[in-house]
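Student: Could you take me through the aromatic rings in this model, one contact at a time, and then show me the strands and helices around them? I would like a close look rather than a quick tour.

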Amino acid sequence: LGIVGEDGAMRDNFDIGAVVNETDLATDEGATQEPGSVGAGGGNRARIGKFPACPASMREYIPCLDNDEEIRRLPSTERGERFERHCPAKDKALSCLVPAPKGYKAPIPWPRSRDEVWFSNVPHTRLVDDKGGQNWITKAKDKFTFPGGGTQFIHGANQYLDQISQMVPDIAFGSRTRVVLDVGCGVASFGAYLLSRDVLTLSIAPKDVHENQIQFALERGVPAMVAAFATHRLLYPSQAFEIIHCSRCRISWTRDDGILLLEVNRMLRAGGYFAWAAQPVYKHEEAQQEAWKEMEDLTTRLCWELVKKEGYVAMWRKPVNNSCYMSRDPGVKPPLCDTDDNPDNVWYVSTSLDPVLLLKPQFNTLVISWTSLGSGNNLITVITGHIVFSLIKIFNSCWALK
């Protein structure tokens, strides 16, 4: 226990002022947290113990993701269940302080952190060993450096973003497009380079065999969360993103009749884009072409428009209203779901194996460009405006999962 100062450091040499009902607090480092006896002055006293440090092996422990006991009880893990949240019971909650890595330093400030971070802050080399030839990440002395490459954008993230902008000029990074979700982000170079284009990107990835990739993203200063497309909705509201991007994110979007792609569409705003860079887009082997045909069929039934397919990138656009859904032939899947299914309910909402389509009342409203909010607005103002639009549901062509 202590006080956090302006420099972010905690100290325990502080004075306690007057306390309600004349209750005094006495600190006993060796005592447990339990009421003490009545003090000489008649006031109630309490003993407050200090939490011990966890073992160094727990320096990256995440209670709801590293709950091995609960994961072993799962009836199946074939749909990625082990990467989802499984929080411990209250009586098994963590009772120690997770230590920082040995030698942890104050993070390098942005914008330098886009290109380099301290090795001691994220002491992992698995990604360097596995992805060293793909220009993701390298180790140089006491730092990790990030050249800006990736599995699919071997010429660098900036060139890759230029390619997307040329493929679909209406995306207009920084004006029409301001909020993006990057799925399976790796070391988050996609989101890191979008920041310089006035785009705020949330980078997500599971905690998997490549260690916790999200640590690299956060250390670089890129917004990121540990998350996985599996059997539950992600913890984001409907229509939250202009673009959802997946570059070799190892997700089978067409499995279980497209249940995961419906989750993508739940989070896309009307008129938003799904960017997919993967082998089925550009490889001509029979298996890859079959996967592409399945993707084409599914996105057609979801009323998505294939705007552009170029090189190894395909771009789809979600419709701006419900007209396509209403004109589908009877029996086309996914069917309509109950109108009381709220697409903004996200906490532990399971996806079923029967994808269903939710139509909400539409306002026949055209997609509003970010530029219509005024060129003088900064990023925070524009994002706030976007949240307001989402709340009043101007864009009401959205999908939900039961």
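Tutor: Happy to. Please keep in mind that this is a predicted model. Let's begin with one ring, F153, which is buried at a relative accessible area of 7%. Its partner Y160 is buried too, with a relative accessible area of 0%.

Searching the whole structure gives 15 aromatic pairs. In the pair of F153 and Y160, the ring centres are 4.6 Å apart and the planes meet at 25 degrees; planes under 30 degrees apart count as stacked, so this pair is stacked. Now set W347 and Y348 beside it: their centres lie 6.0 Å apart with the planes at 45 degrees, so that pair is tilted. W347 counts as exposed, at 53% relative accessibility, while Y348 is partly exposed at 45%. Both descriptions use two numbers, because a pair of aromatic rings is described by the distance of the centres and the angle of the planes.

Ring pairs also build a cluster, whose members are F229, W253, F274, W276, W292, W304 and W316.

Next come charges over rings. The charged end of R220 sits over the ring of F146, at 4.1 Å from the ring centre. K143 lies over the face of W118, 5.1 Å from the centre of that ring. The backbone brings these two residues together as well, since W118 stands opposite K143 in β8. Here β6 and strand β8 (residues 143-145) pair in the antiparallel sense, over three bridges. They belong to an open, antiparallel sheet of three strands in the order β6-β8-β7. β6 and β7 (138-140) are its edge strands, each pairing on one side only. Ignoring direction, neighbouring strands in this sheet are turned by 30 degrees against each other on average.

There is another open sheet, with seven strands, mixed pairing and the order β11-β10-β9-β12-β13-β15-β14. At its edges stand β11 and β14 (305-310); each has a single partner strand, so one side of each is left without a neighbour in the sheet. From one strand to the next, the twist averages 20 degrees. β14 runs antiparallel to strand β15 (residues 313-317), joined by five bridges, and E310 stands opposite V313 in β15.

Helix α3 (residues 157-167) packs on this sheet, where it touches β12, β13 (268-277), β14 and β15, and its direction makes about 45 degrees with that of β15. Another helix, α6, lies across β9 (179-183), β12 and β13, running at about 135 degrees to β13.

Finally, a few backbone details in the loops deserve a look. Q239 has a positive phi of about 55 degrees although it is not a glycine. This residue lies in the loop between β11 (224-226) and β12 (241-247), and Q239 counts as buried at 2% relative accessibility. R248 also has a positive phi without being a glycine, at about 50 degrees. You will find R248 in the loop between β12 and α6 (255-267), partly exposed at 34% relative accessibility. Then there is the peptide bond from W110 to P111, which is cis with omega near 10 degrees; P111 has its place in the loop between α1 (68-72) and β6 (116-118).

Terms used: Residues are numbered from 1 along each chain as its sequence is written. This is a predicted model: local features need pLDDT of at least 70, side-chain atom pairs count only at pLDDT 80 or more; totals for chains, interfaces and linings use all residues. Side-chain values use heavy atoms; hydrogens and water are left out. Rings of Phe, Tyr and Trp (its six-membered ring) pair if their centres lie within 6.5 Å; planes under 30 degrees apart count as stacked, over 60 as edge-to-face and the rest as tilted. Buried means under 20% relative accessible area, exposed over 50%, partly exposed in between (1.4 Å probe, protein chains only). A charge sits over a ring if NZ of Lys or CZ of Arg is within 6 Å of the ring centre and within 35 degrees of the ring normal. Helices (H or I, at least four residues) and strands (E, at least two) are DSSP runs, numbered from the N terminus. Two strands pair if DSSP finds at least two bridges between them. Axes are lines fitted to C-alpha atoms, for helices over the stretch in contact, and angles run from 0 to 180 degrees between N-to-C directions. Contact means heavy atoms within 4.5 Å.
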